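Reader: Hi! Could you walk me through this one? I'm new to reading structures.

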Amino acid sequence: MEAAAVPSPPKRPGPLYRTVRGILKPLVHVVYRPTILGTEHVPARGPVILASNHLSFIDSIAIPLTAPRPVQFLAKSHYFTGTGLKGWVSRTFFGAIGAVSVERGAGSQAQEALDQGRRILEAGNAFAIYPEGTRSLDGRLYRGRTGVAWLALTTGATVVPVGLVGTQEIQPVGAKRPRIRPVTVRFGEPLDLSHHGPATSGRARRAATDEIMAAIHALTGQELAGTYNEAPPSGTLAKLADRIAPHERV
């Protein structure tokens, strides 16, 4: 019986990433004049998790363009599966800014996404993740999913909290074109979460995630929602299942 193939680690950002970043970074600085603080907190090498709040589609562009080293992050697979010229532009752009295609959701899809993140970190790269799972539509900071803690405790990667302020004003939900608005990106002091315990402990993952979210909150000052950022389960069976075994998403 043949052994199962071991998935290869996602490719590091290559020449196209550096070219696009080299073009966009000075352009963004001239047009938007973002305030960028704390870049010295991001380790120059080795695995690091950039754990950020999530307010806008623009966040996944703001972080790679302001971080002091190449960053990879997960993006919905449909950005990579389009056809024609539009599909090619989408695939090229997202690949160029460090995105890695993944199916998003709960259960096995969530674990596959976490495994992608783990491989990125084990290759010594920087990986950006939104612990809230999806962007906040009302500007509040939602409770973090424990996938970020699983990654940190499994790989031993340093966690750097990131606070984004004002990105939701650049391209609000429903807006087709970005607007020029002030943006602040704050990189916080690195967090060592190992004292919480192993990744196999649900209590350790929850406590580590709460520490990460507290650090993000200190950087953004957002109102705390106190709940997960998702629509409540619909239907009697779905509600019952969620009470018995609340699921985690990336």
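Author: Happy to, and here is a short tour. This is a predicted model, where local features need pLDDT of at least 70, side-chain atom pairs count only at pLDDT 80 or more, and totals for chains, interfaces and linings use all residues. Residues are numbered from 1 along each chain as its sequence is written, and side-chain values use heavy atoms, leaving out hydrogens and water.

Reader: Cool, how many helices and strands does the chain have?

Author: Eight helices and seven strands, taken as DSSP runs (helices H or I, at least four residues; strands E, at least two) numbered from the N terminus.

Reader: And how do α5 and α7 cross?

Author: Helix α5 (residues 147-155) and helix α7 (residues 202-220) have axes that come within 8 Å and cross at roughly 105 degrees. The axes are lines fitted to C-alpha atoms over the stretch in contact, with angles from 0 to 180 degrees between N-to-C directions. The two helices are therefore roughly perpendicular (65 to 115 degrees).

Reader: Which residues in α5 and α7 meet?

Author: Val-148, Ala-149, Trp-150 and Leu-153 of α5 meet Ala-204, Arg-205, Ala-208, Thr-209 and Ile-212 of α7.

Reader: New topic: is Thr-220 buried or exposed?

Author: Thr-220, in helix α7, is buried, with a relative accessible area of 16%. Buried means under 20% and exposed over 50%, with partly exposed in between (1.4 Å probe, protein chains only).

Reader: What is Thr-220 in contact with, beyond its sequence neighbours?

Author: Leaving aside neighbours within four places in sequence, Thr-220 is in contact (heavy atoms within 4.5 Å) with Asn-53, Gly-163, Leu-164 and Val-165.

Definitions and conventions
Angles under 35 degrees count as roughly parallel, over 145 as roughly antiparallel, 65 to 115 as roughly perpendicular and the rest as oblique.
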